[in-house]
Amino acid sequence: MASLVDGFGRIATDLRVSVIDRCNLRCTYCMPAEGLVWLGRDETLTAEEIERVTRLFAGLGVDEVKLTGGEPTVRPDLPDIVARLRAIDPGLDLSMTTNGLLLDRLAGPLRAAGLDRVTVSLDSLLRHRYAEMTRRDALARVHVGLEAARAAGFERIKVNCVVISATNDEEAVAFAELARSTGYEVRFIEYMPLDADHTWERAKVVPSSDLLERIAATYPLTRVDEGPRPAAVYRFEDGSPGSVGFISTVTEPFCESCNRVRLTADGQLRACLFALEETDLRGPLRAGADDEELARLALEAVAGKWSGHRVSHPDFVRPERSMSMIGG
């Protein structure tokens, strides 16, 4: 069986599938306050098309699929999509990244449909700061969503926090305490140049090493070897539940071990989050291409993957699409 291997020997086994570009938040590091020009319904892949492409990638060695957006829970047929993907392979690692606002009513149906894990984006534990960063006063709803996820049977719950200097970086220890008190796996993500407003500044990036030092000064940590994962994960030395992890895309890129590819909501395959080129799968799919042709397109796209994104280099070029349009 062919595998999705690139010219540097990296094998793609992780597929990020954006099911929609729309979102019910307006995070300052992602999109403008007024939102963006959304895809039309006919431009977005259908549930059947998502199932077919995912099945194709599973046949090429993908064993982990994460549903993203935009905000995936605003798509009405999300439980059906999950059920379709679960039917592909009971052993497929199937998860979702969400802002949590709609988990109060969707956690149960998604778990029943076969979703394995949820990751909830939460950038501040303070109501006023959360409202400033997301342009929505919805922190309480996120906490309700997290509890709903636990009640639905999701045992491994991750919390993603995008850290921006002089905005929420002083909350690092508080997030560690959240992990200790709940068992959540908190992941700190360095601020990346993927905002639609193009206001990203290198000076606003807080190095993961700084956050690690702050947390370890209060709660000693031990590194955990989780294999080729983007996050450097640490447990608490005193045996408290939960963990903290650091995704250092800017200061310590993990491009050499990257095993991810991404499918946008409009059916474009991206070999890297920061890719400047995309491979259209939706067009051939709707034109009647068979699986052999689609597989050829996928294999060629991954084979041409570059060595890395060069975010910290002077010659770095931003991708045209912002994070919400690519898929988080």
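A crossover is right-handed if, with the strands pointing away from you, the path from the first strand over the helix to the second runs clockwise. Keep that picture in mind, and remember as you click around that this is a predicted model.

**Stop 1: the whole sheet**

Start by colouring the strands. You should find 12 of them in an open sheet with mixed pairing, in the order β7-β8-β9-β6-β5-β4-β3-β2-β1-β10-β11-β12. At the edges stand β7 (221-224) and β12 (279-280); each has a single partner strand, so one side of each is left without a neighbour in the sheet. While you have a strand on screen, here is a handy thing to know: in a regular strand the side chains alternate between the two faces of the sheet.

**Stop 2: strand β3 and its neighbours**

Now select residues 93-98, which make up strand β3. Why is this strand largely enclosed by the rest of the structure? Five of its six residues are buried, so there is protein around most of β3.

Add residues 64-68 to the selection and you have strand β2, which pairs with β3 in the parallel sense over four bridges. To see where the two strands face each other, pick Glu-64 and look for Asp-93 of β3 opposite. Then bring in residues 78-88, helix α2: together β2, α2 and β3 make a right-handed β-α-β unit. Try the clockwise test from the opening here.

Next, show residues 117-121, strand β4, which runs parallel to β3 and is joined to β3 by four bridges. Which residue of β4 is the bridge partner of Met-96? Click on Val-118 and you have found that partner. Adding helix α3, residues 103-113, gives you another right-handed β-α-β unit, made of β3, α3 and β4.

**Stop 3: strands β1 and β10**

Move on to residues 14-18, strand β1, and pick out Arg-16. Is Arg-16 buried or exposed? With a relative accessible area of 8%, it is buried, because buried here means under 20%. Show side chains and you can trace a polar contact of 3.0 Å between Arg-16 and Asp-14.

In the sheet order, β10 comes right after β1. Select residues 260-263 to see strand β10, with Val-261 in it. Val-261 counts as buried too, at 1% relative accessibility. Try drawing a distance from its C-alpha atom to that of Leu-15: the two residues are 246 apart along the chain, yet these atoms are separated by 5.2 Å.

**Stop 4: some loops to click on**

Most residues other than glycine have a negative phi, and most peptide bonds are trans. The next few picks go against that habit.

Go first to the loop between β2 and α2, where you will find Gly-70. The peptide bond from Gly-69 to Gly-70 is cis, with omega near 20°.

Then hop to Arg-135, in the loop between α4 (127-134) and α5 (139-151). Its phi is near 60°, a positive value in a residue other than glycine. At 29% relative accessibility, Arg-135 counts as partly exposed.

Ala-166 also has a phi near 60°. Look for Ala-166 in the loop between β5 (157-163) and α6 (172-182). How accessible is Ala-166, buried or exposed? Its relative accessible area is 75%, so Ala-166 is exposed.

For a loop residue that is tucked away, select Asp-21, between β1 and α1 (47-59). Asp-21 is at 5% relative accessibility and counts as buried. Between the C-alpha atoms of Asp-21 and Pro-284 you should read 21 Å, with 263 residues separating the two along the chain.

**Stop 5: a space inside**

Rolling a probe the size of a water molecule over the atoms shows where empty space is left. How many cavities of 30 Å³ or more are there? The count comes to two, and the second largest has a volume of about 30 Å³.

To frame that second largest cavity, select its lining: Leu-4, Asp-6, Arg-10, Ile-11, Ala-12, Cys-258, Asn-259, Arg-260, Val-302 and Lys-305. Colour them by type and you get five nonpolar residues, four charged and one polar. You have already met one of them on this tour, since Arg-260 belongs to the residues 260-263 of strand β10.

Terms used:
Residues are numbered from 1 along each chain as its sequence is written. This is a predicted model: local features need pLDDT of at least 70, side-chain atom pairs count only at pLDDT 80 or more; totals for chains, interfaces and linings use all residues. Side-chain values use heavy atoms; hydrogens and water are left out. On a 1 Å grid over the protein atoms alone, a cavity is a set of points where a 1.4 Å probe fits but cannot get out, and a pocket is an open set with protein on both sides within 12 Å along at least five of seven lines; lining residues have an atom within 4 Å of a point. Grid points are joined across faces, edges and corners, and a volume is the space filled by probe spheres set on the points. Ala, Val, Leu, Ile, Met, Phe, Trp, Tyr, Cys and Pro count as nonpolar, Asp, Glu, Lys and Arg as charged, and the others, Gly among them, as polar. Buried means under 20% relative accessible area, exposed over 50%, partly exposed in between (1.4 Å probe, protein chains only). Two strands pair if DSSP finds at least two bridges between them. A polar contact is a pair of N or O atoms within 3.5 Å; within protein, one must be able to donate a hydrogen and the other to accept it, and residues adjacent in sequence count only if both atoms are side-chain atoms.
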